[in-house]
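User: Please guide me through the arrangement of the domains in this protein and the way they meet.

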Amino acid sequence: MVHEYEAIIVGAGGAGLYAAMEASARARTAVISKLYPMRSHTGAAQGGIGAALGNVEEDRPEWHAFDTVKGGDYLVDQSAAILLAEDAVRAVYDLENRGLPFNRTPQGRIDQRRFGGHTRNFGEAPVRRSCYAADRTGHMILQTLYQQCIKSGVEFFDEFHVLDVLIEGRKCRGVVALELATGEVHTFKAKAVLFATGGFGRMFRITSNALANTGDGPAVCARRGVPLEDMEFFQFHPTGIRGLGILITEAARGEGGILRNRKGERFMERYAPTLLDLAPRDMISRAILTELRSGNGMRGDGRIDDYVLLDTTHLGREVMEKKLPDITGFSRTYLGIDPTDTPIPIQPTAHYAMGGIPTDMDGRVLADGDGSVYEGLYAAGECACVSVHGANRLGTNSLVDLVVFGRRAGRHIADFVRKADLGPVPRDADEPARADMAKLLDGARGPHGGEIADEMEIVMMEKVGIFRNQADLDAAVDKVSELRGRWTEVRAQDGSRRFNRDILGILELRNLLDLSLLTATAARQRTESRGGHARDDYPERNDAQWLTHSLAWLQDGRVRMGAKAVDITQWKPKPRKY
Ligand SMILES: Cc1cc2nc3c(=O)[nH]c(=O)nc-3n(C[C@H](O)[C@H](O)[C@H](O)COP(=O)(O)OP(=O)(O)OC[C@H]3O[C@@H](n4cnc5c(N)ncnc54)[C@H](O)[C@@H]3O)c2cc1C
């Protein structure tokens, strides 16, 4: 079946819904989502959205922008960070006006709390910058934006899984998607397509990311020749529930929670004497691993799966139940403990992709390091790289990124489609997607995708995790290449057409394998340590050689690396101390 729209938005998380809401003001717009919109991963965002409102103490967008640049270890594009911090204030009031039920101060203003790496006066002390709705902020953003999209007449194709993007030269013509309920393949012609498909934490064994976070947008684009930016930078959040990876929000430390090792020491005093437990995530994750390696984990055996404790017992029942109800519930449900009287066992969990589809500040996808763009192709949210997070994202800055850059992309699309024509799409545009599906169902016997997924997750966790080195990265590249070869032999075991999760899982696995290869190869190339990329064999940041974004092209099963300049218009790089 063939559909025609002016704008197609792939993804119904915060970025996709904001873009759709804006685009629909002047363009016939449809959202395609493999999940029901309300199940998008934005709904899991707990702690808050950062904006220098200054409601509870003095704050300024300039301080927010500086923290973002320093937090990202100076790989952040500074004009984009300044725009993010300035527009965050407007964006939060906009969400409030559209109905988002933020927590309030006694005076009735939006309440704000502390978060890692957010400081006053360029690093002096933590500042209250995170605006929040208990620990359900993302869920409230989704509810607010979805109802606004319905009001604006956006059309939704729920449970449609995008398999391919139609690109001719440097022009995007549409996408091809599988309808889950029927197994039918649909072609969507469009003047503009925006990818907002979220993150890809599922390539790691321990992750805070949902099953659906398989990086479909970046992988589909990469297979059609689009480069991906800064793929070596993947953030590990310090406080995942031990063994499960489910997130305990940084807001628990923002409210006063303390990390302790087996000796009961507040070990962050040794690693970040000023910000302590509110240092940026990359530093705390490394500190935890260093404690484990030195035998200071709770088991004390020095192994990577040992753990430390997050102590919230002194915060009191009222704070936990009013401001952190979800994580209180998670601890009871998944660990059988009450965090008001027992510390929570935690270990770092793979959390956020700083890299992704390169874009300019209007969401237009870049084709190279010189600023050339694809016409009609856009990206926003976690699958994109604008780049405001550089080598390490600060907490609360993803939700800001979604609404600031989702909005800008939506507005650009609304203008663009006025001038653009609906380009020709060949009749057989869906043929590659159909051929992929037919091969999976050809009745041949093949290995089970689940085994390949297990091996991928383990090699990425052990060799491309928090600490990396040359030998491990060489081994990871070889292993992932071998797994990609084995993937071509996988066949579906379920031959039915309706709701065939087996086929979807296999196609999602291909996306994760492609992104794993790009991540491991980019990490191998970068012989320095910066933000979320820490090399045991190159422990120092090396600005002379590496103050540059990486670009990675997937070509004939191999990765070609390139570079893109970093925008350093405001703050010169300095050593990163907290
Ligand atoms: C547990 C947790 C807590 C977090 N807390 C915070 C926080 O407090 N503050 C903060 O700033 N950030 C937080 N983050 C990060 C933030 O929530 C995410 O980065 C952000 O929500 C991603 O939004 P998105 O719109 O880019 O994508 P998502 O919300 O992940 O949405 C992706 C959409 O793409 C669709 N999709 C994917 N693939 C396809 C396909 N092939 N075809 C069709 N549709 C597809 C999905 O159906 C979905 O609708 C948290 C993350 C986690 C995991």
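Analyst: A salt bridge is a side-chain nitrogen of Lys or Arg within 4 Å of a carboxyl oxygen of Asp or Glu. The model discussed here is predicted.

User: How many salt bridges does the rule find across the interface of domain 1 and domain 2?

Analyst: Asp536 pairs with Arg293, and their closest N and O atoms lie 3.6 Å apart. The cut-off for a salt bridge is 4 Å, so this pair satisfies the rule. Across the interface of domain 1 and domain 2, the number of salt bridges found is one.

User: Which helix contributes the largest share of the side of domain 1 that touches domain 2?

Analyst: The side of domain 1 that touches domain 2 consists of three nonpolar, two polar and three charged residues. Six residues of this side come from a single element, spanning residues 281-293. The largest share is therefore that of helix 8.

User: How far apart are the centres of domain 1 and domain 2?

Analyst: Domain 1 covers residues 236-349, and domain 2 covers 431-546. Taken over C-alpha atoms, the separation of their centres is 29 Å.

User: What area do domain 1 and domain 2 bury between them?

Analyst: Eight residues of domain 1 are in contact with eight residues of domain 2. On the side of domain 1, Phe236, Arg286 and Arg293 lose the most area to domain 2, together 59% of what that side buries. Carbon and sulfur atoms carry 74% of the area buried between the two domains. That buried area is about 770 Å².

Terms used: Residues numbered from 1 in each chain as written. Predicted model: local features only at pLDDT ≥ 70, side-chain atom pairs only at ≥ 80, totals over all residues. Heavy atoms only, no water. Domains from an automatic or database assignment. Contact = heavy atoms within 4.5 Å. Buried area = accessible area lost by both parts, 1.4 Å probe. Helix = DSSP H or I, 4+ residues; strand = E, 2+ residues; numbered from the N terminus. Nonpolar A, V, L, I, M, F, W, Y, C, P; charged D, E, K, R; others polar.
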